[in-house]
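Here are three short exercises on charged pairs and surface. Have the structure open beside you and work through each step.

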Amino acid sequence: MLKQILSKLPRKSSDSSDTPRTPRSSSQRSSPRSSSTSASGTGFSRSNGGASASGRSNATKKTSSAVFPASLVAGIEPLVPFKDVPSSEKTNLFVSKLSLCCVTFDFTDPSKNSIEKGVKRQTLIELVDFVGAGTLKFNEPAIHALCKMCAVNLFRVFPPNYRANTIGGGGGENDDDEPTFDPAWPHLQLVYDLLLKFIHSSCVDPKVAKKYMDHSFILKLLELFDSEDPRERECLKTILHRVYGKFMVHRPFIRKSINNIIYRFVSETERHNGIAELLEIFGSIISGFALPLKEEHKIFLWRVLIPLHKPKSVGAYFQQLSYCITQFVEKEPKLASVVVKGLLKYWPITNSQKEVMFLGELEEILEAVNMVEFQKVMVPLFWRVGCCINSCHFQVAERSLFLWNNDHIVNLIAHNRHVILPIVLPALERNAQSHWNQAVVNLTRNVRKIFMEMDDDLFVSCHAHFKEQEAKETSAANKRKQVWEQLENAASNVQPMAGKTAVLVTPLASSIAC
């Protein structure tokens, strides 16, 4: 009877504190740490064929529970490879691995949490490979989990020292500064690669994904373009372009949001690191605009692109800006006159480097302009070109004279020579007579020769008029000089007052003095 009662009592577990444990070898004791350490290098060390599946699973569970909170690895074990689970469980494993990757670390100290960072890095590599393989149709929980993981890892506020050394968005005066590289980039790059492959994958339903890649997600993505790391901005550029192509419903919002960033850059801060990348995205968008252009797109040209010539840091994004402007003019040549007027409005009179860039962009625009639009702006345009021809900076003078090397521009000038030659001839003559740079003098003589070959009679007439005006200006200058000499002589003959001589001051004179 006693034996029957004792047999019904619960037995002690084999691993209780009263029972002595069998000592493990050093290799067994360090197995969880060694598996995690290998993850920080090339990847997890796979078990050999002779190792049992239960031993590998136990070691993996100990590692994950020691590294990450238990709540993140609940359900299915996240460190199990995708190949070791059936297809029905791969979605759950995918979500579990994404939850594991939501843990963030401080990468400013490389020695801190090195094991955990290695586990997370290996998990991200597995996720990138899995999404790239395209073997699974992603359901809504999987899409939600991926967007959440990307938001946790990517969306962050840059510290103040990111912008402390940035004047004008990293361009202009600080073009020679070395870019700042984010110490967390090895992990950020994997998250960006995962997001890019996910967006590009045919296994993602855009109708479902747009619920989670919504306006808020896109705004946070656009804020990251202010990163000082050029590698991150390059990844963001590719991802945003994919988002624009896949989610047509978000296209107007993306364009409007980019407009707002540029508005703030031009009108308020003049500080942003990603203007060049945003313009590069817009360049490809503009090339896909349907004709005739919508009023929204023309407003973007007038209010966004043209004012972007104003900031001092225009050199940091000028190539992309010029490409966007040229795309608009090629799409609708009637916009050429608007663009030229905008360039003249923001012309950098006191900045020689910007003048050279403006002249280069002006040549690209004139190559696509037709005769009607050219005639609308030729008078103010060549008045400004004449000022550039007389510039003391030899690069500005050279670049303006290089316009006559373009056959299309020369053809436009030839058809309107009666208007253009009287404007530019004085500048050409002054250059030929007194410019300090010999190369500029030679180019000036070549341009004069082109005009003479166009219409010799017109050139002689304009030259005679120039000489006449020059004589009048010389005569007026001599008269002014004589008047000043007379005033100086009269002033020198006035005897200075000495002693306490009384001076009568009239009320009118005192009121004028006041």
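A salt bridge here is a side-chain nitrogen of Lys or Arg within 4 Å of a carboxyl oxygen of Asp or Glu. Keep in mind that this is a predicted model.

**Exercise 1.** Find what joins the side chains of Glu277 and Arg233.

*Solution.* Start with the distance: the two side chains meet N to O at 3.3 Å, in a salt bridge. Next, place the partners: Glu277 sits in helix α14 (residues 275-287) and Arg233 in helix α12, so the pair ties together parts 44 residues apart in sequence. Finally, check the surroundings: both Glu277 and Arg233 are buried.

**Exercise 2.** Work out which parts the salt bridge of Glu232 and Arg156 links.

*Solution.* The contact is 2.8 Å, N to O. Glu232 belongs to helix α12 (residues 230-246), while Arg156 is in the loop between α7 (140-154) and α8 (161-164), so this pair connects parts 76 residues apart in sequence. Now compare exposure: Glu232 is buried at 0% relative accessible area, whereas Arg156 is partly exposed at 26%.

**Exercise 3.** Explore helix α24: how far apart are Lys467 and Glu470, and which residues make a patch with Val483?

*Solution.* Lys467 and Glu470 are three residues apart in helix α24, about one turn, and their side chains form a salt bridge of 3.8 Å, N to O. Lys467 is partly exposed at 39% relative accessibility, and Glu470 is partly exposed at 25%. Further along, Val483 lies in helix α24 (residues 456-493). Together with Trp484 and Leu487, Val483 makes a nonpolar surface patch of about 330 Å².

Technical notes: Residues are numbered from 1 along each chain as its sequence is written. This is a predicted model: local features need pLDDT of at least 70, side-chain atom pairs count only at pLDDT 80 or more; totals for chains, interfaces and linings use all residues. Side-chain values use heavy atoms; hydrogens and water are left out. Patches are made of residues with over 30% relative accessible area and no salt bridge: like charges are joined within 9 Å, nonpolar side chains (Val, Leu, Ile, Met, Phe, Trp, Tyr) within 5 Å. Accessible areas come from the Shrake-Rupley method with a 1.4 Å probe; for residues, only the protein chains shown count as cover. Helices (H or I, at least four residues) and strands (E, at least two) are DSSP runs, numbered from the N terminus. Buried means under 20% relative accessible area, exposed over 50%, partly exposed in between (1.4 Å probe, protein chains only).
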